[in-house]
Every structure is written in structure tokens, then in C-alpha cells.
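I opened this structure to practise reading strands, helices and their packing. My notes follow the order in which I looked things up.

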Amino acid sequence: MWKDNVSERRISKRLKLVKRTKERYVRSEVPCGFECCGAVQRKRMRAPVFIIPDAYVVSRYWALLQSDYVEAIICQSVLEELSIDDRKRLRALMREKQYILFYDNFCKDTSGKGLMGVLEYYVNHVREYTYVILDKDSVKEYGKYVSKDISDMLVNDKDDDGENYEEYKTNLDVLYGSGEVYRGVVEISLYNCYSGVVIDGGVRINVIGKENMNRALHGDEVYVEVIDERGDDTILIDEEIQSQVMKNECEAEEKIEVNALANMLDNNRELYGKIVGIYKRKTRSVIGSVPNDIDCKIRSQYVLMIPIDRRMPTIRVRTLDAQKLKGKRLCVEIDTWENTSKYPSGCYYRELGDVGDKDVEIESLLLANRITYYGKSWDDFDVDLNAFNECESMKRINEEVMKGLREDFRNFLVLSIDPPGCTDIDDALHSRNLANGNIEVGVHIADVTFYVGKGSGLDEVAKDRCTSVYLPEMRIDMLPAVLSTNLCSLVEGKERAVFSVVWEVSMSGEIISTRFCRSVIKSRRAMSYEEANNIINEKRMKGNEIQETLNRLNGISKILRKKRFEKGSLDMSTRDVVFRDGKLEFKESYETNLLVEELMILANISTAMFTYHYYPEASLLRRHPPPNSVPLGFHIDASSVKALNESILRLDENHREMAKRTLIRSMNQAVYFLSGDVRSFHHYGLGTDMYTHFTSPIRRYADIVVHRILGHILSTSEQVGENISGLGRVEFTPIARQEEKEDDVFADEKSCNNMNRRHRSAQRASWECEKLAIYMALRDAEPTLDGYITGIRSNGVIIYVPDYNIEEAVLCSTQLRMFEAVRVRVMQNDQMFFFHRRFSLKLVD
């Protein structure tokens with residue numbers, strides 16, 4: 001081993017030239033990444049040659065690296081030439097594709113010799129393969145080694161079509177530090193890809209118009225400068241090329257002066273800005289299509305693709321054969337957007353199939369929301385499913401009961417209430433009368449951590465997925481079925497390990513005491529919401545324990561719900577459409593829905609208070625920031641949460657739905673965070689100072705983390721029987737478990753960000769697949785339905801159709817008022833829906 005000194009010169013943040021010298025310890029035992037040096041044997045080869053790309057190829061031909069036509073060796077020296085963001089992105093792709101990372105700077109045979117030295121090393125070291133260096137000159141010849149199909153990925157010409165966007169400013173870090181510009185993530189409107197908002201702390205800045213958006217894309221972290229003019233917030237359905245597809249609709253897109261924005265707050269309170277720089281680009285893999293009747297003669301090597309995500313602009317896709325891409329769903333990687341180009345440019349790296357095919361559409365929607373594990377078998381992961389055995393599990397559970405590690409609730413009347421056909425049952429309930437006149441109420445939640453060990457192979461998969469995804473006719477589970485629908489599911493008649501929260505509650509709804517413990521239950525009855533509701537409404541039968549239990553739970557849940565709303569909680573429940581047995585129907589809501597909801601909210605609040613009290617540095621909580629503005633009509637009192645809730649409740653059913661949807665759209669999203677990272681924990685929607693997710697560990701990874709924190713407290717804290725505000729007298733039995741450590745870390749900022757991202761993606765994918773099911777059901781009928789105005793723009797309106805939970809933009813010149821009732825026809829328009837993901841609504845006189 002010997003040392004090698006390497007010097008590099010960089011410009012510092014203070015704009016000074018800095019020279020840095022690094023010492024590298026060069027040795028001969030650097031692994032090559034193949035079987036001869038201990039790597040796992042490759043099952044199959046995607047390409048007959050291994051490429052060794054330079055930094056230029058990595059940064060400009062990303063679609064090629066993402067494709068299934070490459071086996072790559074990535075050199076450490078190339079990684080060091082990339083930006084920090086590109087480096088992270090490449091490392092993630094290398095893990096996914098199992099590319100080789102070779103530490104050429106530390107290898108005696110390659111240190112200081114560049115890519116030619118690496119090529120020579122591999123030719124002599126692993127002779128059974130072929131290797132080729134890909135640089136700016138040789139990359140276009142790569143197709144001869146694999147397939148002509150990749151020719152489109154190797155086109156990389158500069159775009160210039162006469163556009164003149166403003167150049168990004170320099171020294172933006174300095175400007176941001178001095179307060180001259182703001183920085184935040186740009187959130188794009190669903191109705192105009194050149195309209196959005198940037199939030200920096202408590203400052204909300206509207207960015208409206210193509211020039212002000214200045215080549216930023218949804219999700220980018222940007223620098224924004226405040227300007228005086230506000231711009232015109234219009235509805236944009238088609239860009240220039242789309243007008244060739246739907247000329248009639250585009251004719252209506254001229255500016256029309258209407259009675260717009262009647263519902264907006266005083267404009268003096270609104271800030272408007274333009275984007276002057278990009279701090280961080282979001283990953284730019286986009287799903288879209290080239291319509292069949294688009295003119296492909298725009299430029300010989302390009303065709304324009306319409307993304308499936310309405311928040312994204314049209315993309316210029318490089319191709320040498322535009323005709324073969326028409327009517328196909330494509331995966332495209334955006335690589336650049338020059339200031340002289342009207343559109344961002346990219347290259348497609350995968351073809352999914354024909355537009356309109358149901359399976360292709362579902363896969364496209366999942367991939368568009370980064371749910372890339374759709375269709376993968378659990379055999380593809382490092383998870384031993386044979387290790388989960390019910391007999392062995394029950395043996396361990398009973399041993400814990402005997403040792404006092406678990407309480408035994410198997411003799412209690414425990415029951416569960418869920419949607420019809422539910423197989424992944426997370427929660428169960430019990431209640432009983434106490435001798436002192438109070439009521440004992442218990443919530444029992446599946447103990448998933450009993451099976452999913454921290455840091456195990458299954459834990460890593462669940463940590464990445466973070467949530468189950470529920471689609472109209474299918475479910476993508478976070479955990480394998482052997483756990484989600486069997487060993488962890490609280491099915492009727494089976495003994496199951498759980499975490500329990502047990503309260504003593506007075507008849508007025510006051511929490512006298514709260515007890516946390518690990519336990520074991522045996523569910524006596526698994527019911528649907530409707531079945532449980534029918535039992536409550538039946539004539540009371542003396543000795544019917546299930547009916548008595550349900551009535552007790554229903555009575556106390558009503559009291560708790562009333563107290564919660566009196567404290568300022570918002571009722572944001574809306575009507576939902578479900579796809580059942582091939583038909584669309586509204587999800588019915590019963591008293592028992594509210595019963596379960598109230599007790600789950602109480603369990604989540606109680607767990608948040610308990611974990612924060614004993615683990616204040618790093619408890620996983622969930623907060624909901626208040627909205628920056630409440631853009632409702634003049635008849636809504638938004639002076640306080642309580643006044644707002646009371647105003648909404650006074651409206652009739654349909655107007656109440658409109659007000660709720662408008663309010664939800666204006667709200668910030670609830671997010672997971674660690675208690676030591678922020679000061680404000682308040683959950684605006686629920687009106688509580690503290691909240692977390694504890695009650696759904698089978699389908700949410702955040703709940704698994706909270707269970708681990710709770711278990712850590714039970715294992716490391718001493719019982720003192722103290723009172724905690726909101727929980728009364730807190731009781732738990734300390735448990736000494738050898739595997740627990742006082743300095744365990746259960747979550748960090750990175751995992752919180754992933755949970756938030758996955759949660760949003762799952763919600764969006766679920767809704768987009770619902771929209772697909774709704775369109776297919778209404779497509780031939782073209783029904784005429786009632787609608788309500790929920791938004792006004794300068795060239796049209798946003799209309800909500802409550803019968804099918806549809807909200808869509810309509811270009812029109814008619815003067816309409818906020819919340820005004822209208823009649824609309826849902827038109828059959830495959831071009832509009834499949835290429836633009838929009839329902840075609842027509843106002844009926």
C-alpha cells in the first residue's frame with residue numbers, strides 16, 4: 001500500500017479559488033465487482049458488452065443508463081466529476097440496475113491512468129467479457145453492440161427554436177442569504193403547467209405565466225424573486241402542438257374577461273414572483289404519449305410528447321422514427337431545457353404499450369407516481385417468507401405472556417369493524433363497564449414489529465415502500481400476504497400479537513387513565529361497518545354481549561367526537577366513489593365509521609403524547625400546518641377554526657361538499673417529522689397539539705416506526721405512575737428486553753421525507769386509477785349531471801360533479817359565480833382523457 005496525493009481547485013461559496021489536497025491510499029486488493037473478487041454471480045446479462053462511461057455520457061445520456069440495454073462499470077473518478085445531486089441519482093440507479101462501482105483511484109493498476117487504464121485492467125483481469133469506453137465521440141456507435149432500438153437514446157443535439165427565456169441569475173446563494181430571493185419547492189397547478197406556488201417558510205409566492213415559471217418543473221427546488229405584476233391565471237389545456245389535436249377546444253383559450261376571482265382574498269396580501277434559478281432538479285423520469293394525429297414534422301429528430309401528469313409541460317423527445325411512437329405509452333427522461341427552447345428535451349428509454357389499454361394505463365399511472373415495484377414478486381427480494389410460521393409464532397407469543405412481557409386479553413370480548421371484504425385488519429376494539437361507573441375502552445393494533453425486525457431484509461423493503469397502495473380493483477401491499485392478510489391481520493377466531501392502548505373514561509368523556517402494553521388477543525367477531533351498524537340499531541337484547549359492547553363504544557365515541565369539534569377540529573370528510581363488482585357507487589357512511597374513526601384518532605393522539613413525553617428528542621409525529629389563505633365565498637366565516645367548521649356545517653349537503661373541497665385544496669399537506677427537528681407540532685385539521693400514526697402498521701411504515709419507539713419506551717423507561725395532560729394517569733409495565741438499546745435511532749430526516757413522498761404518491765396513484773375507472777364506466781353513456789363551480793379563472797371555471805367525485809376545468813365565456821349550480825354533460829373524448837388525463841365536460845344550457 002502507498003499514498004497518492006491528489007490536488008483539486010474549486011470555486012468556494014465566497015467566490016475564491018481554493019486548492020485542496022487529498023491523500024489516497026492506493027493498493028492492489030480493490031475488488032473488481034465480478035465473481036472472481038467475491039461478488040454475487042450475475043443471473044443474466046442485459047448487454048453483450050460492459051460500458052465504462054465518462055462523466056459527459058453519464059450526465060447527458062441518462063436514458064441510456066436507465067434502459068435495459070446496458071451493463072455498466074462506473075468509476076469512482078467519474079462519480080467525483082458529477083454534481084452532488086447527479087451523484088446521488090447515479091448511486092440510486094446503480095443499486096437498482098446492479099451496476100459495478102469500481103474504485104479506480106484506489107487501485108494500484110488504475111490510479112491516475114484514466115478510463116484507458118480501467119479498460120486495460122478489466123481486459124486483463126476478467127477476460128470472459130467485452131468492454132468499451134463510452135465518451136462524447138464513441139457513444140453514438142454503441143448501438144452496433146446491442147440493438148438498433150436504442151438509436152433514439154443516442155441523439156443529443158442542442159435545441160433552439162427561437163424561444164428566449166431569461167438566463168438564470170448567478171450568486172444565488174448570496175442573494176438568498178441576503179434575503180433578496182426566496183427558495184422553495186414549486187408546486188404546479190393541475191389546470192395550468194405554467195402556474196404554481198413556491199413556499200419558503202411562512203411565505204407563499206404565486207408564480208404565474210410561462211415567462212415567470214422560466215423552465216421550472218413541478219417539484220423543483222427553485223429560487224424566486226418577488227415582482228410587482230401578478231400575471232393572468234388561466235386554464236391551460238393544450239400547448240401549441242396540442243392545438244393540432246383539439247382545435248375546437250383551443251379556439252376557446254383566448255383571453256375572455258369574466259367575473260373572475262370573485263372568491264379571492266385582497267390581492268395586496270398575495271405575493272407574486274418569477275423563478276430566477278434552480279437549486280435542485282427533481283428526478284425527471286416522465287410517462288407520456290405521442291398522439292396519433294400529431295404532426296411529426298416539427299423537426300426531423302424530434303416529436304412532442306404529452307405527459308400523463310397534467311402538471312408537466314409538453315416534452316420534446318428525440319427520435320429517428322417518430323411514426324413508431326404514435327399512440328404508445330413511453331417512459332421519458334428529461335435531460336435539459338435550454339433557454340432558447342420552447343420545450344424541455346428528453347429521450348425515451350422504455351415503451352409500455354398502447355394508449356387506452358387498461359393494464360398499460362394502470363402501469364403508467366403507477367410508474368408516473370414512482371411506484372416502480374408494481375408486479376414484482378417477493379421472491380425478487382432478500383426476504384425468507386418460510387421463516388413466518390404460525391405455530392412457531394404462537395409459541396413465542398405464549399412464552400412472552402408467561403414471562404410477563406405481554407398482557408393477555410384473550411378472554412376479553414374483542415371485535416373488529418372494517419370495510420366489507422377487508423383482509424388486512426389492523427385494529428380491534430373492546431369495552432366493558434367498571435365497578436366505579438366508568439368505562440374501559442381498548443384499542444388493539446397488530447404488532448407488526450413482532451415479525452418485522454429492525455434492519456431485516458423485509459424491513460428494508462417496507463421502509464422503501466412506506467405504504468400499501470389501494471386501487472379500484474387491486475391492492476399493492478407494503479408487506480407480503482403471509483403477514484398482511486394472515487399472521488398480522490386480526491382475523492376472527494385467531495390469537496394475535498398486538499400493541500394495546502386502554503383508557504378508563506368517565507361517562508362525560510374525560511380520560512381518567514391510559515395504559516400502554518404489548519398483549520395478545522383473540523377476536524370474537526370481525527364485522528363490516530354496515531353489519532355493526534345494523535346490530536346497534538336492532539332491538540336491544542339482554543345478554544347480547546356484542547350489541548352491548550358496540551353500544552358502549554358508539555356512545556363514548558359520540559361524546560369524544562363532540563368534545564373534539566368543540567376544541568376546533570375540522571370535519572373534512574367527503575363523499576368517496578368506490579369501484580365494487582365492476583360498478584361505481586358511493587361509499588356509504590354509517591355511525592360505525594365515525595365510531596372507529598374517533599377511537600383511532602384518540603389512540604393516535606394518546607400515543608403521540610406518550611411517546612413525546614418519554615422520547616422528546618426523536619419521536620415520529622405528524623403535523624398539519626394551517627392554510628396560508630382560506631379562499632372561500634363571502635358567506636363563510638374563517639375567523640377561527642371553530643367558526644369555519646360551524647359555517648360549513650350550516651350549509652346544505654352539496655354546498656358543504658364544495659366548501660370542503662375548496663378548503664382542502666387551499667390547505668398545506670400534513671407531514672411526518674421528528675420532534676427534535678421543529679418547534680410547532682400542531683395538527684390544524686384535527687385541532688390537536690400533537691398527533692402521530694399508530695393504528696395501521698400493516699399498511700403504513702410510519703406506524704411501524706412509532707411501534708418501535710413505543711416498545712423502546714416500555715423496555716427502557718421506569719414506571720412512575722405520573723399524570724400527563726390529556727391522558728390522565730399513565731400506566732405501563734416496564735419490560736427488560738436484551739435487544740433494546742437506549743441509543744436506538746428509529747427514524748431520521750431522510751426516512752421522514754421518503755414517508756411523506758410515498759404517502760403522496762400512493763394517494764395520487766389511487767385517485768388517478770379511480771379516474772380511469774370512472775371514465776371507462778361513463779364513456780359510452782355520456783350522462784348529464786349536476787355540477788357546482790369551485791374555481792374561477794380568467795378564461796373558464798373549475799366544476800365539481802358530486803355524483804362521480806369529478807373536478808375538472810372548462811373553458812368558457814359565461815359569467816358564473818362561486819358555488820353556482822350548473823348542468824354538465826360528461827363527453828366521450830378518448831383523446832382528451834387518455835392523452836391529457838382530463839374529463840371533457842360540456843356546459844348544458
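These entries go from the whole chain to single sheets, helix pairs and one loop residue.

**Entry 1: the whole protein**

I noted at the start that this is a predicted model. I looked up the secondary structure and found 20 helices and 35 strands. The protein has 845 residues, and 55% of them are buried. I then looked at contacts between residues at least 6 apart in sequence; 70% of these join residues at least 24 apart.

**Entry 2: the sheet with β34**

I looked up an open sheet of 5 strands and wrote down its order as β33-β32-β31-β34-β35. The pairing in this sheet is antiparallel. Which strands stand at the edges? They are β33 (806-811) and β35 (840-844). Each has a single partner strand, so one side of each has no neighbour in the sheet. From one strand to the next, the twist averages 45 degrees.

I then followed β34, which covers residues 821-827. With β35 it pairs in the antiparallel sense, over 5 bridges. I checked one position there: V824 has L843 in β35 as its bridge partner. β34 is also joined to β31 (residues 784-793), again by 5 bridges, and these two strands run antiparallel. On that side, T784 stands opposite R825 of β34.

Which residues of β34 point to the buried face? I listed V822, V824 and V826, which point to one face and are buried. A821, R823, R825 and M827 point to the other face and are not buried. The side chains therefore alternate along the strand.**Entry 3: a covered strand**

For contrast I looked up β18, residues 414-418. This strand is mostly covered, with 5 of its 5 residues buried. Both of its faces are covered. V414, S416 and D418 lie on one side, L415 and I417 lie on the other, and all are buried. I also looked for a partner strand and found β24 (residues 511-528), joined to β18 by 5 bridges. These two strands run parallel. One of the pairs is D418 with its bridge partner S528 in β24.

**Entry 4: the barrel**

I found 5 strands that close into a barrel, in the order β12-β13-β14-β16-β15. The pairing in the barrel is mixed. Neighbouring strands are turned by 55 degrees against each other on average, direction ignored. I picked out β12 (residues 285-289) and β13 (residues 302-307), which pair in the antiparallel sense over 2 bridges. There, G288 has P307 of β13 as its bridge partner.

What lies across β12, β15 and β16? I found helix α9, residues 358-368, in that place. It runs at about 145 degrees to β16.

**Entry 5: α14 and α15**

Two packed helices are described by the angle between their axes and the distance between the axes. I looked up both values for α14 (residues 545-566) and α15: the axes come within 9 Å and cross at roughly 65 degrees. That angle makes α14 roughly perpendicular to α15. The crossing is left-handed.

I then listed the residues in the contact. From α14 they are L550, L553, N554, S557, K558, L560, R561 and R564. From α15 they are E591, L594, L595, E597, E598, L599, I601 and L602. By class, I have 8 nonpolar, 2 polar and 6 charged residues in the contact of α14 with α15.

**Entry 6: α15 and α18**

Next I looked at α15 (residues 591-614) with α18 (residues 701-716). These helices pack at an angle of about 50 degrees, and their axes are 10 Å apart. That makes α15 oblique to α18. This crossing is left-handed.

Which residues of α15 meet α18? I wrote down T607, F610, T611 and Y614. They meet V706, I709, L710, I713 and L714 in α18. How many charged residues does the contact of α15 with α18 have? It has none; the classes come to 7 nonpolar and 2 polar residues.

**Entry 7: a loop residue**

Last, I looked up G112, which lies in the loop between β5 (100-102) and α5 (114-125). Is G112 buried or exposed? Its relative accessibility is 77%, so G112 counts as exposed. I also checked its position against S77, which is 35 residues apart from G112 in sequence. In space the two are 9.4 Å apart, C-alpha to C-alpha.

Key:
Residues are numbered from 1 along each chain as its sequence is written. This is a predicted model: local features need pLDDT of at least 70, side-chain atom pairs count only at pLDDT 80 or more; totals for chains, interfaces and linings use all residues. Side-chain values use heavy atoms; hydrogens and water are left out. Two strands pair if DSSP finds at least two bridges between them. Helices (H or I, at least four residues) and strands (E, at least two) are DSSP runs, numbered from the N terminus. Axes are lines fitted to C-alpha atoms, for helices over the stretch in contact, and angles run from 0 to 180 degrees between N-to-C directions. Angles under 35 degrees count as roughly parallel, over 145 as roughly antiparallel, 65 to 115 as roughly perpendicular and the rest as oblique. A crossing is left-handed if the near helix is turned anticlockwise from the far one by less than a right angle, and right-handed if clockwise. Contact means heavy atoms within 4.5 Å. Ala, Val, Leu, Ile, Met, Phe, Trp, Tyr, Cys and Pro count as nonpolar, Asp, Glu, Lys and Arg as charged, and the others, Gly among them, as polar. Buried means under 20% relative accessible area, exposed over 50%, partly exposed in between (1.4 Å probe, protein chains only).
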